[in-house]
Amino acid sequence: MTAAPSRVVEIRGLTKSFRTGVTALQEIDLEIEAREFVSLIGPSGCGKSTLLRIIGDLIPATSGTVLVNGKAAHQARLDHDYGIVFQDSVLYDWRTVARNVSLPLEMLRWNRAKRQARVKEMLELVELTGFESNRPWQLSGGMQQRVSIARALSFDPALLLMDEPFGALDEMTRERLNMELLQIWAKAGSTVVFVTHSIPEAVFLSTRVVVMSARPGRIAEVIEVDLPQPRTATTREEPRFFELVTSVREALAAGRGDAARPAAAEDLY
Amino acid sequence: MSGAVVEPIPPGTAGEIGRRARDWIPAIVVFTLGIGLWQGLTTLFDVETFLLPKPSDIATSFWDDKAALWDAAVYTFKEAAGGFAIGSGLGILAALLLARFRVIGAGLLPIAIAANAVPIIAFAPITNNWFGLLNPVSKMAIAAVLCFFPTMINTMRGLTSVHPSSIELMRSYAGGEFAIFRRVRLPSALPFMFTGLKVAAVLSMIGAIVGEYFGGPTNALGVSILNDSQLFNFPRAWAGIGLASAFGIAFYGAVALVEHFTTGWAPSARSFRSE
Amino acid sequence: MAQVAAASPSEERRHRGVARRVAATRAATIVLVLAALWGLWEGYKWLWETTGWTWPFVVDDTTMPHLHDIVGAFGDPATAGGPALIHPLLDAAWFTAKEALAGFLLGAAIGFALAVVLAHSRLLERGLLPYIVASQTVPILAIAPMVVVGLGSKGVEGWKSVAILAAYLTFFPVAINTLRGLKSVDARALELMHSYAASRWHVLWRLRVPASLPYIFVALRISATASVIGAIIGETPASIQEGLGGAIVNFNQYYSLQPTFLWATNVICAALGISFFALVAITERLVLRRAPENIA
C-alpha cells in the first residue's frame, strides 16, 4: 500500500439539511485515522447512511468541511480513494462474478492481464475461487456480498465505506462474514467506516463506535473498543465485550433522551 | 471456506430443458384434444361450416391453394417486417434521446401515452392516399407507427428504471453520465427493449393485414382473407388466417430467440412475461 | 438512506405547493409540445409544397390539409343542407363507443373469471395457458371480417358482432394479467390467511383479488384502447353505417373531393380512443389511490 496521510477522514462542522426542511445532520465533527475500523450506529433517522454518503461525495453537504485523504471529498471520489459496499450487493446481472469484480478496474483502464490477475487475487481473498464464471443470481446472499467486497477492494482504496452490508443476511452468515471482513481488513490494511444497526456487530468489528442520535442527527458519544486484536470467535464471550455492548446501548438510550430507564434491545427499532 | 452453499456451476446446464419438456405435456394434450374435438363436433353434428369449418376442410383449402396463399403471406410479411424495422428502429432512437434529455421526455410522455391510445389503423385510408392503394409502403407505414410506441415506451422504461444504488456505485468510481449510460443503463434496458420488440413483432403483422382491409392488391394476404370472407369461402379465409398466425408467431419467436441469445443472463427473462 | 421524520403541517403545505407548480409546468409543456407539433405539420407542408419534393409522398391540400381546415371541417355540413359534420360524427362516435364498452365489459368479466379458475388449478393452467399466450399472436383483428359478415348473414345485428370482437380483444390481456396478479401474492400473506383458517373464497376476495388490482388495471388500459380499435375495425368490412368505421369507409370514398372530412373522422377516432383510456386511468387512480404506472 502506498503511504497515505494518517488522517483518512476529517469532518468539521458538517451540517446537512434537505430541501424539504429536514436536518439530517447537525454540526458533526469526526476524525478517522488510518487503519481504524469505525462503526456508525444509531436509530432510524440519525443520518448515519447520509453521513456515509457525504464522505463518499454521493450527496453534497450543506455546510462544514469534509476531507478525505487530505482532499475535498469530491476530489477524493474523482481520485478513486474509496470503495463502497451497499446493503444490496448491487451486482450486475449481465456480468459474471469475475467481470463484476473487474468493473472498477475497467473504469480505471487497467489492462486485461492486470485485471485478471487482480480479480483472481480478490476472489481468493474473499474465498470465492472457482466462481469466476457464475452469474450473480446463482450465488447466495452472503456470497454476493463477498463479491461486492472483493469489487470494492479490487483497486486498493485507502478507505472502505460500508452501508449495512450484512443487514440482509441471517445471524450466522453475518457472524461468519464479520470474521472474514476483519481478516480482509487486516490483510488489506485499509480504513473502514461501517454503518450498522447491530450493537454486537459494531462492538465486535470496530476500534471505535460512533453512537449517533436522531432529530437532528448528531454524534451522541464515541466509544473506544479496546478489545484485543485480532478478534476471534471467543471475543464475543468475553466480559469486556458485554460491558462495551452495554455502554453502546446506554449511549443510544441516552441519545434518545430516556437515559433514566434501562434500555432493551428492542428499543433500537 | 467451510461448506459452500452453491457449487461452481458451469453456465448453461441442460437440466432445465428436461424439466420444461415435461411441463409442456398438458398443453400438447389440450391441443390434440382441441383439434380432435373440433373435427369431431363439426362432423358429427354437421355444424354449419360457415363460421367454423372442419379443420380438415381448412387443411384441404390450404393445400389446394398453397402457392397463392403462401405468396400472399410472404408479401404481407414483407410489409410487416419493413414496418417493424423502421418503427422499432425509430422507437429505440427516440427512447435513447428522451432518456438522455429527461426534460423533453417528461413533456412528451403524456403525448406518447395519448398517442398510444389512438386507433392508428384508422389512418390506413390516409396512408393509402399518400402512397397509393397498391403500394406496400402504405401498409408498411401503418405497421411502423404501430411498432414505434411499444418499442419506445418499453425501451425508455428500461433505460430509466435502474436501481439507484447502481448509479451510486458508478459515481463512487467517478463515472460520468456517459459511463453510467454505457455500463448500466444500456445493458439493463435490453430485456425491456425486447419486451417492446416482441409486442411490436405481433403488432406489425396485425397492422399489415388489417391495413390491407382498407384496400390493397389482390396478392396480399389481408385482401385475400377479406375477399374470401365476403364470398363466404370460409375454409380458405381461415386457411389465410392460420397462415397469418403462423407468420406472426414465427416472427415473435425469432425476436424471442435473439432475446435469448443476447439477454440470457436476465433472470426475469426466464420467467413468464405478459405484455 | 436516512429516513425522513413525519412531515409537519407547514411541510405538507409546502409539498402541495410544489405539487401544484409541477402540475402547472406539466400542463405548460404539453401545450408547448402541441404547439410545436402544429408548427411541425404546417412547416413540413409549406416546405414540401414550396420545393415540390415528392418523397416520401406528394404534399398538397389533399394529402395534407391545413390543420385549421381540418378543424374548420367540423363545422361544415356533411351532406347538402345537412347539419354540421361534428353532429353525425359525434353520433357515430357514441354508437361505436357503446359497442366498444359492451365488448370491453363482457371481455373483462370473462377474462377475470378464467383467470380465477386457472389460478386455482395448476393442471388447467399448464394445459390452457400456452394457448392463451400464443393466441395473443393471432391477428384477431384479421378475423373481424369473417365474424361480422358471417354472423350478419345469420341475422345477428352488426353491433353485436362488433361487441363480440371487442370482447375478444379484451379477454386475453385481462385473463393473463389477472392470473399474474392473482399468483403474485406474497407467500407470507398467504400463510397468514391460512393461519386464520380462511376459506378459499375468502383468500380469493380478501387477498388475491385486491393484490391483483394493479395488474388488472394494466390490462384494462390496454384493453380499453383495443376495444375501441376492434369496434372501429369491425365496422369497416361490414360497412356498419352508424359507427365511426362506417364513417371512415364513407369519407374514404369521397377523399379526393373532401379530404378534411376523413381527417376530421380520424380526429374523433383518436379522441374516442384517448377518452376510453383516460376513463380507465381515472378509475384506476380512484380505486388504487395512487398514480397508475405510466405505460400500458
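**Figure 1. Hairpin of β9 and β10 in chain A of the predicted model.** Strands β9(A) and β10(A) pair in the antiparallel sense, with six bridges between them. Within this ladder, M212(A) has I219(A) of β10(A) as its bridge partner. The two strands form a hairpin in which four residues lie between them. In the turn, R215(A) takes a positive phi of about 55°. The peptide bond that leads from R215(A) to P216(A) is cis, with omega near -5°. P216(A) accordingly appears in this view, as its place is in the loop between β9 (208-213) and β10 (218-224) of chain A. Most residues other than glycine have a negative phi, and most peptide bonds are trans.

**Figure 2. Six-stranded mixed sheet of chain A.** The strands of this open sheet follow the order β6-β7-β8-β3-β9-β10 in chain A, and their pairing is mixed. β6 (82-85) and β10 of chain A are the edge strands, each of them pairing on one side only. From one strand to the next, the twist averages 15°. Strand β3 (residues 37-41) of chain A runs parallel to β9(A) and is joined to it by four bridges. One residue of that ladder, S39(A), has V209(A) in β9(A) as its bridge partner. Strands of a sheet pair through backbone hydrogen bonds, either parallel or antiparallel.

**Figure 3. Helices α1 and α7 of chain A against the six-stranded sheet.** Helix α1(A) lies across β3, β7 (159-163), β8 (191-196) and β9 of chain A. The direction of α1(A) makes an angle of about 150° with β7(A). Helix α7(A) lies across β3, β7 and β8 of chain A, and runs at about 140° to β3(A).

**Figure 4. Four-stranded antiparallel sheet of chain A.** A further open sheet has the strand order β2-β1-β4-β5 in chain A, with antiparallel pairing. Strands β2 (23-33) and β5 (71-72) of chain A stand at the edges and have a single partner strand each, so one side of each is left without a neighbour in the sheet. Helix α1 (residues 48-55) of chain A packs on this sheet, where it touches β1 (7-17), β2 and β4 of chain A. The direction of α1(A) makes about 120° with that of β1(A). Strands β1(A) and β4(A) pair in the antiparallel sense over five bridges. Among the residues of this ladder, T15(A) has S63(A) in β4(A) as its bridge partner.

**Figure 5. Hairpin of β4 and β5 in chain A, with the loop that precedes β4.** Strand β4 (residues 63-68) of chain A runs antiparallel to β5(A), and two bridges join them. L67(A) stands opposite A72(A) in β5(A), and V68(A) stands opposite K71(A) in β5(A). The hairpin has two residues between the strands, and N69(A) takes a positive phi near 55°. D57(A) also has a positive phi, of about 55°, although it is not a glycine. The place of D57(A) is in the loop between α1 and β4 of chain A.

**Figure 6. Cis peptide bond between Q229 and P230 of chain A.** Q229(A) and P230(A) are joined by a cis peptide bond whose omega is about -5°. P230(A) has its place in the loop between β10 and α9 (239-255) of chain A.

**Figure 7. Lining of the second largest cavity.** Two cavities of 30 Å³ or more are found in a search of the whole structure. The second largest has a volume of about 40 Å³. The lining residues are E171(A), R174(A), E175(A), N178(A), S198(A), P200(A), E201(A) and R236(A). By class, the lining consists of five charged, two polar and one nonpolar residues. Both α7 (171-188) and α8 (199-205) of chain A supply at least two residues of this lining. The most is given by α7(A), with four residues.

**Figure 8. Aromatic pair of W70 and F247 in chain B.** Over all chains, 24 aromatic pairs are found in the structure. The pair shown here, W70(B) and F247(B), is tilted, with 5.2 Å from centre to centre and 55° between the planes. The pair links distant parts of the chain, 177 residues apart. W70(B) belongs to helix α4 (residues 66-100) of chain B, and F247(B) to helix α11 (residues 234-263) of chain B.

Technical notes
Residues are numbered from 1 along each chain as its sequence is written. Chains are lettered from A and ligands numbered from 1 in the order in which they are written. This is a predicted model: local features need pLDDT of at least 70, side-chain atom pairs count only at pLDDT 80 or more; totals for chains, interfaces and linings use all residues. Side-chain values use heavy atoms; hydrogens and water are left out. Two strands pair if DSSP finds at least two bridges between them. Contact means heavy atoms within 4.5 Å. Axes are lines fitted to C-alpha atoms, for helices over the stretch in contact, and angles run from 0 to 180 degrees between N-to-C directions. On a 1 Å grid over the protein atoms alone, a cavity is a set of points where a 1.4 Å probe fits but cannot get out, and a pocket is an open set with protein on both sides within 12 Å along at least five of seven lines; lining residues have an atom within 4 Å of a point. Grid points are joined across faces, edges and corners, and a volume is the space filled by probe spheres set on the points. Ala, Val, Leu, Ile, Met, Phe, Trp, Tyr, Cys and Pro count as nonpolar, Asp, Glu, Lys and Arg as charged, and the others, Gly among them, as polar. Rings of Phe, Tyr and Trp (its six-membered ring) pair if their centres lie within 6.5 Å; planes under 30 degrees apart count as stacked, over 60 as edge-to-face and the rest as tilted.
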